[in-house]
Amino acid sequence: MDLTSYRTLGRSGLIVSPLALGTMTFGAGRWGASEQTSRALFDAYVDAGGNFIDTADIYSAGKSEEMLGAFLSNSGQRDRLVVATKSGFPRGAGTPLWGGNGAKNIRLGIEGSLKRLRTDYIDMYWMHVWDQTTPADEVLQTLSDAVRAGKILHYGFSNTPAWYVARIATLAEAHGLPKPIGLQYAYSLIDRGVELDLMPAGAEFGLGMVPWSPLAAGLLTGKYGRDMLAEAGRATALPDKTSETSESGSNGRLNGDNPFGGMLFTERNFDVVDVVTSVAAEIGRSAAEVALAWVARRAGVSSVLIGASRVEQLQQNIASLDVALDEAMLERLEQASALPLLNPYFIFQMPTSRLFGGQTVERWPRG
């Protein structure tokens with residue numbers, strides 16, 4: 001498999017590469033890459049056959065979209081690339097109208113992104129985060145209007161409860177409006193929480209999953225040692241004001257490199273890393289390649305977001321598509337990363353024969 005082993009994004013005609021280039025690193029900032037490096041990453045991804053590039057209106061305060069827009073314009077390849085962007089997190093302070101999922105902010109977000117991207121349409125538009133306020137029907141109507149106006153072609157949801165997504169998908173189908181086609185959530189061997197509700201919702205409504213943070217903010221690369229357990233414990237015990245400390249200090253090591261802070265550093269998570277690194281050593285590949293190979297092949301996954309700050313890092317991520325994991329390796333990874341038994345999900349794991357008088361009943365067709 002390579003970047004030209006294309007897939008559809010959910011139940012749609014939008015065709016994407018199995019790995020998507022995330023551009024959070026484009027521009028100055030905590031994860032920033034210079035314009036020269038960002039252009040090299042763009043060129044390396046496109047030259048390798050990749051066609052799916054993801055950004056957001058807030059990345060580097062809009063600089064990511066501006067840089068991507070320049071690269072698209074200069075390359076002359078806009079029509080062969082799938083461009084995705086997002087809105088939801090605030091683009092500025094002083095007014096509530098520059099954030100959230102309300103009609104005004106979605107419209108402002110789309111118009112601003114179109115200008116920065118130097119394009120007249122966006123292939124895939126994501127609701128970046130649920131604002132816990134705007135009614136689902138308002139979101140649906142606003143996005144449907146944008147589709148009908150040709151400003152966006154498709155839309156989907158990120159960091160939003162499954163029930164809210166399901167409500168919008170149901171309303172869209174019932175009223176003959178454009179339906180969502182995608183989900184973008186954190187998904188990795190460290191965090192498989194999307195398998196509880198979101199992946200089943202995706203299967204039911206035809207929504208393709210596009211995982212972000214497939215390497216769990218770098219934890220699955222093996223770059224962190226168990227010494228971080230002590231630092232995470234100290235940071236948890238400190239007052240809230242420690243969040244303002246310098247990134248060069250202990251708290252910075254927990255928060256400067258990843259959006260999860262110290263919550264990643266647990267005994268259970270390092271046990272998962274141990275299995276990943278063991279499998280990687282057996283097949284002569286990196287831990288990152290094994291972790292990416294696992295998530296890229298999960299049922300329901302259309303494409304996986306990868307980010308890089310160096311071309312060499314991007315090339316290693318792309319190489320993960322060639323990693324082969326046998327059944328025994330997959331079983332070890334499955335057992336190490338299995339979700340805890342939670343209510344009511346443990347009930348759903350009982351054999352169907354217990355519900356049908358001792359007879360086996362299978363949903364058909366599958367999926």
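On a 1 Å grid over the protein atoms alone, a pocket is an open set of points with protein on both sides within 12 Å along at least five of seven lines, where a 1.4 Å probe fits, and its lining residues have an atom within 4 Å of a point. The model is predicted, so local features need pLDDT of at least 70 and side-chain atom pairs count only at pLDDT 80 or more, while totals for chains, interfaces and linings use all residues. Residues are numbered from 1 along each chain as its sequence is written, and side-chain values use heavy atoms, with hydrogens and water left out.

**Exercise 1. Describe the second largest pocket and its lining.**

Step 1: Start with the space, which is about 510 Å³; a volume here is the space filled by probe spheres set on grid points joined across faces, edges and corners.

Step 2: Next, find the centre. Of the 18 lining residues, Glu195, Leu196, Pro200, Phe348 and Gln349 lie nearest to it.

Step 3: Look for elements that give two or more residues to this lining: they are α6 (198–205) and α13 (345–348). Helices (H or I, at least four residues) and strands (E, at least two) are DSSP runs, numbered from the N terminus. The most comes from α6, with 3 residues.

Step 4: Sort the lining by type, which gives 10 nonpolar, 2 polar and 6 charged residues. Here Ala, Val, Leu, Ile, Met, Phe, Trp, Tyr, Cys and Pro count as nonpolar, Asp, Glu, Lys and Arg as charged, and the others, Gly among them, as polar.

**Exercise 2. Trace the open sheet and two of its pairings.**

Step 1: Walk across the 8 strands in the order β9-β8-β7-β6-β5-β4-β3-β10, paired in parallel. At the edges are β9 (208–209) and β10 (304–306), each pairing on one side only. Two strands pair if DSSP finds at least two bridges between them.

Step 2: Go to β4 (residues 52–54) and β5 (residues 82–87), a parallel pair with 3 bridges. Here Asp54 stands opposite Ala84 in β5.

Step 3: Move on to β5 and β6, which run parallel and are joined by 4 bridges. Ser87 has Met127 in β6 as its bridge partner.

Step 4: Ask why β6 (residues 122–127) is described as largely enclosed by the rest of the structure: 6 of its 6 residues are buried. Buried means under 20% relative accessible area, exposed over 50%, and partly exposed in between (1.4 Å probe, protein chains only).

**Exercise 3. Work out the surroundings of Arg78.**

Step 1: Find Arg78 in the loop between α2 (63–75) and β5. Its relative accessibility is 12%, so Arg78 counts as buried.

Step 2: List its polar contacts, pairs of N or O atoms within 3.5 Å; within protein, one must be able to donate a hydrogen and the other to accept it, and residues adjacent in sequence count only if both atoms are side-chain atoms. The Arg78 side chain has a polar atom 3.0 Å from the backbone oxygen of Leu81, and it makes a polar contact with the side chain of Thr119 at 3.1 Å.

Step 3: Add the residues it touches (heavy atoms within 4.5 Å). Leaving out residues up to four places away in sequence, Arg78 touches Leu72, Val83, Thr119, Tyr121, Ile122 and Asp123.

**Exercise 4. Locate a cis peptide bond.**

Step 1: Look at Asn343 and Pro344, joined by a cis peptide bond with omega of about 5°.

Step 2: Place Pro344 in the loop between α12 (327–337) and α13.
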